[in-house]
Amino acid sequence: MGLSISAHTPSRDTGMLPLFESREIGKAFGTTGTAFVIREGLDASGINQLKKYSLDTSDAELQKTSDFERFGKGSYEDWYRSKERTLFALIEENTGTLAALAWFGPKPLGRKSMKHLSADERAEDERAMDSHNWHTIVYRSYPPFRGTGIMKDFVRFCMDTYLKRHPKAKLWAGIYGANPASIGLATGLGFAIRESFASDTEETIMVKE
Ligand SMILES: CC(C)(COP(=O)(O)OP(=O)(O)OC[C@H]1O[C@@H](n2cnc3c(N)ncnc32)[C@H](O)[C@@H]1OP(=O)(O)O)[C@@H](O)C(=O)NCCC(=O)NCCS
């Protein structure tokens with residue numbers, strides 16, 4: 001399993017992409033022959049698919065995250081405008097199906113995700129917070145692609161691309177509830193649980209070594 005990825009020659013980095021803009025930054029091939037494209041940013045089709053996935057209450061794993069509030073009830077547009085996030089998408093080439101996402105952005109270590117914040121905390125502008133160079137990493141894969149072994153290569157490619165642009169960024173992941181797949185993936189990407197960065201009963205914090 002895994003992906004074989006080829007990156008396109010990077011165009012000049014122009015910072016965050018405007019809303020609805022998306023550019024192809026690479027191609028990926030699964031060992032079963034599935035072809036994917038890797039895009040930075042989401043176009044309207046990607047945003048629609050993300051909303052639909054996020055509203056799918058039969059996806060118990062996904063519903064452990066804040067995506068129902070963030071992209072289902074809430075809007076991607078509002079989220080994108082109010083955060084400083086760089087988002088990468090893995091899309092099945094033949095069908096245009098959104099298979100997986102990874103996103104990154106400055107966020108103070110340990111700050112909770114949306115559904116674990118009070119209304120007042122949610123209203124705070126994260127962009128105005130000093131993150132001390134901590135940046136969050138977040139990832140999703142969607143059925144039928146989930147569990148097929150594509151995530152480590154995809155997320156590593158995204159992480160390397162992001163860190164080239166933000167060489168001083170220190171990455172952390174906040175993992176809610178029992179989530180062995182997420183902990184396994186983060187471990188495979190070189191993240192570890194450190195006692196000095198206290199996890200609590202609801203959230204496991206892992207930092208990139
Ligand atoms: C977490 C998530 C992104 C992992 O994606 P996935 O499609 O299961 O990942 P893959 O099949 O590519 O496996 C990735 C790695 O994790 C490991 N892994 C997967 N499931 C695992 C499990 N239950 N226990 C231990 N390790 C596991 C795999 O062995 C693989 O490592 P390898 O490449 O070294 O073999 C996916 O399960 C998901 O989106 N879940 C719902 C949303 C979510 O929880 N997101 C993360 C919130 S922090």
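This report describes strand β6 and its neighbours, the nonpolar core and the ligand shell in a predicted model.

**Strand β6 and its partners**

Strand β6 spans residues 134-141. Of its eight residues, seven are buried, so that the strand is mostly covered. Its pairings with β5 and β7 are set out below.

| Partner of β6 | Residues | Bridges | Direction |
|---|---|---|---|
| β5 | 98-106 | seven | antiparallel |
| β7 | 170-176 | three | parallel |

Within these pairings, Val138 of β6 lies opposite Trp103, and Trp134 has Lys170 in β7 as its bridge partner. From β6 the chain passes through α5 to reach β7, forming a right-handed β-α-β crossover.

**Nonpolar core**

The largest nonpolar core comprises 44 residues. Leu90, Ala100, Ala102 and Phe154 have the most contacts inside this core. Leaving aside residues up to four places away in sequence, Ala102 touches Phe88, Ile137, Val138, Tyr139, Phe154, Val155 and Cys158.

**Ligand shell**

The ligand is surrounded by 22 residues, of which Ser141, Met151, Pro180, Ala181 and Gly184 come nearest. At least two residues of the shell are supplied by each of β6, α5 (151-165) and α6 (180-188). Helix α6 gives the most, with six residues. By class, the shell contains nine polar, eight nonpolar and five charged residues.

Strand β6 therefore recurs in this description: it pairs with β5, pairs with β7 and contributes to the shell around the ligand.

Key
Residues numbered from 1 in each chain as written. Predicted model: local features only at pLDDT ≥ 70, side-chain atom pairs only at ≥ 80, totals over all residues. Core = buried A, V, L, I, M, F, W, Y, C linked by C-beta atoms within 7 Å. Buried ≥ 20, exposed ≤ 12 C-beta atoms within 10 Å, placed from the backbone. Contact = placed C-beta atoms within 7 Å. Near = placed C-beta within 6 Å. Helix = DSSP H or I, 4+ residues; strand = E, 2+ residues; numbered from the N terminus. Nonpolar A, V, L, I, M, F, W, Y, C, P; charged D, E, K, R; others polar. Pairing = 2+ DSSP bridges. Right-handed = clockwise from strand over helix to strand, strands pointing away.
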